[in-house]
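Trainee: I would like to take a close look at the empty spaces in this structure, beginning with the one that is closed off. Could you take me through it slowly, and then show me how the surroundings compare?

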Amino acid sequence: MERLDKIIAARMPDFTRSRIEGLIKAGFVTVNGVAASKAGMKVSEKDDIAVSVPPPVPAVPEPEDIPIDVVYEDDDMVVVNKRPGMVVHPAPGHFEGTLVNALLHHCPSLSGIGGVARPGIVHRLDQDTSGLIVVAKTQPAMDGLAKAFASHANIRKTYVAIVHGRPRLASGRIVNLIGRHPVDRKRMAILERGGKEAVTNWRVSDVFRPLPQAVSVLECDIETGRTHQIRVHVASLGCPVIGDSTYGKSALDKRLDPRPERQMLHAWRLELWHPVRGVKMGFEAPLPDDMKRYIAADGGGKE
């Protein structure tokens with residue numbers, strides 16, 4: 001028996017050990033048809049080891065004339081209400097049509113801020129999650145925003161999630177560890193050890209009222225920004241996000257009219273301190289039409 005990464009390194013001498021480890025962590029390596037759990041797992045030469053190498057990402061994204069919904073903009077940053085279905089930055093399978101491509105056309109000076117492949121990007125949203133995302137336009141803004149998002153200091157992000165079922169309580173706080181699923185490396189999971197701390201404060205919304213009786217609307221304030229954090233946490237409540245193909249319940253999705261075409265998750269509110277001017281700012285993005293279909297007509301704001 002030998003370490004998986006050593007066997008792959010012997011078979012693929014042009015790949016560095018870190019590159020191999022990255023492929024394993026990203027779920028591109030399987031052992032006997034199952035995603036590899038870690039680089040150091042023990043395997044034998046008889047095991048069926050398959051490595052899928054994704055195509056390289058172009059070094060420099062191209063500007064594209066794609067409409068974007070700009071909520072706020074000044075010389076240092078721009079806040080965008082991202083539409084569902086749009087990928088934030090180029091990645092394997094999505095080299096064009098991303099938010100970065102659109103931003104480079106909207107703001108040519110963005111190129112090179114914080115990196116060539118992901119200029120200005122300090123945080124991300126899943127492809128099928130809509131809502132607010134802030135992008136740095138200058139290096140000082142990039143440095144300030146990156147520090148704030150890394151420390152989670154003076155940042156408040158509130159999401160709206162439309163979920164199946166009803167939580168037992170009206171509100172709660174979830175604190176645990178989230179990391180890669182031990183078997184399916186494309187999923188995240190709550191772990192006993194080895195993950196990163198994830199904190200979500202949730203409450204049943206008194207702003208948005210759901211139409212179907214078997215549906216709830218949750219407002220989620222996240223203190224950390226782990227991959228798929230809200231989706232994993234609300235699923236742990238027994239109330240998965242409607243339309244979530246990874247952590248949801250497709251059988252329940254099929255009973256809804258209309259049937260959801262994506263996960264009903266929206267980055268609704270964002271509060272932060274301006275990275276250069278030091279002024280506290282707040283932004284809000286209205287729910288997209290596909291989420292409004294599951295909410296009463298008089299929802300959407302307090303009197």
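Trainee: How much space lies in the largest cavity?

Mentor: Please keep in mind from the start that this is a predicted model, so that everything I describe is computed from it. The largest cavity holds about 40 Å³ of space, and when cavities of 30 Å³ or more are counted, the count comes to one. If you look for the residues around this space, you will find that its lining is made of H123, L132, K157, Y159, A267, R269 and L270. Two strands each give at least two residues to this lining, namely β9, which covers residues 156-164, and β14, which covers residues 265-273. Of these, β14 provides the largest share of the lining, with three residues. Sorted by class, the residues around the largest cavity are four nonpolar, one polar and two charged.

From the closed space we can turn to the open ones, beginning with the largest pocket, which contains about 1800 Å³ of space. Its lining consists of 44 residues, and those that lie nearest the centre of the pocket are R124, D126, R180, T227 and H228. Strand β9, which you have already met in the lining of the largest cavity, appears here again, since β9 and helix α5, residues 229-236, each supply at least two residues to the lining of the largest pocket. The largest share of that lining comes from α5, which gives three residues. By class, the lining of the largest pocket divides into 17 nonpolar, 15 polar and 12 charged residues.

The second largest pocket has a volume of about 450 Å³. It is lined by 16 residues, and the closest to its centre are I178, G179, R180, M188 and G194, so R180 is a residue to find on your display, as it is also listed among those nearest the centre of the largest pocket. Two strands, β10 with residues 171-180 and β11 with residues 188-191, each give two or more residues to the lining of the second largest pocket, and the largest share, three residues, is that of β10. The classes in this lining are four nonpolar, six polar and six charged residues.

Let us now leave the spaces and look at how two helices meet. Helix α1, residues 4-11, packs against helix α2, residues 17-25, at an angle of about 120°, with 10 Å between their axes, and the two are therefore oblique to each other. The crossing in which α1 passes α2 is right-handed. On the side of α1 the residues in contact are L4, D5, K6, I8 and A9, while on the side of α2 they are R17, I20 and I24. Taken by class, this contact has five nonpolar, no polar and three charged residues.

Finally, two details of the backbone deserve a careful look. The peptide bond that runs from D257 to P258 is cis, with omega near 5°, and P258 is placed in the loop between α6, residues 250-253, and β14, the strand that gives the largest share of the cavity lining. The other detail is N32, which is not a glycine and yet has a positive phi of about 55°; this residue lies in the loop between β2, residues 29-31, and β3, residues 34-35.

Conventions: Residues are numbered from 1 along each chain as its sequence is written. This is a predicted model: local features need pLDDT of at least 70, side-chain atom pairs count only at pLDDT 80 or more; totals for chains, interfaces and linings use all residues. Side-chain values use heavy atoms; hydrogens and water are left out. On a 1 Å grid over the protein atoms alone, a cavity is a set of points where a 1.4 Å probe fits but cannot get out, and a pocket is an open set with protein on both sides within 12 Å along at least five of seven lines; lining residues have an atom within 4 Å of a point. Grid points are joined across faces, edges and corners, and a volume is the space filled by probe spheres set on the points. Helices (H or I, at least four residues) and strands (E, at least two) are DSSP runs, numbered from the N terminus. Ala, Val, Leu, Ile, Met, Phe, Trp, Tyr, Cys and Pro count as nonpolar, Asp, Glu, Lys and Arg as charged, and the others, Gly among them, as polar. Axes are lines fitted to C-alpha atoms, for helices over the stretch in contact, and angles run from 0 to 180 degrees between N-to-C directions. Angles under 35 degrees count as roughly parallel, over 145 as roughly antiparallel, 65 to 115 as roughly perpendicular and the rest as oblique. A crossing is left-handed if the near helix is turned anticlockwise from the far one by less than a right angle, and right-handed if clockwise. Contact means heavy atoms within 4.5 Å.
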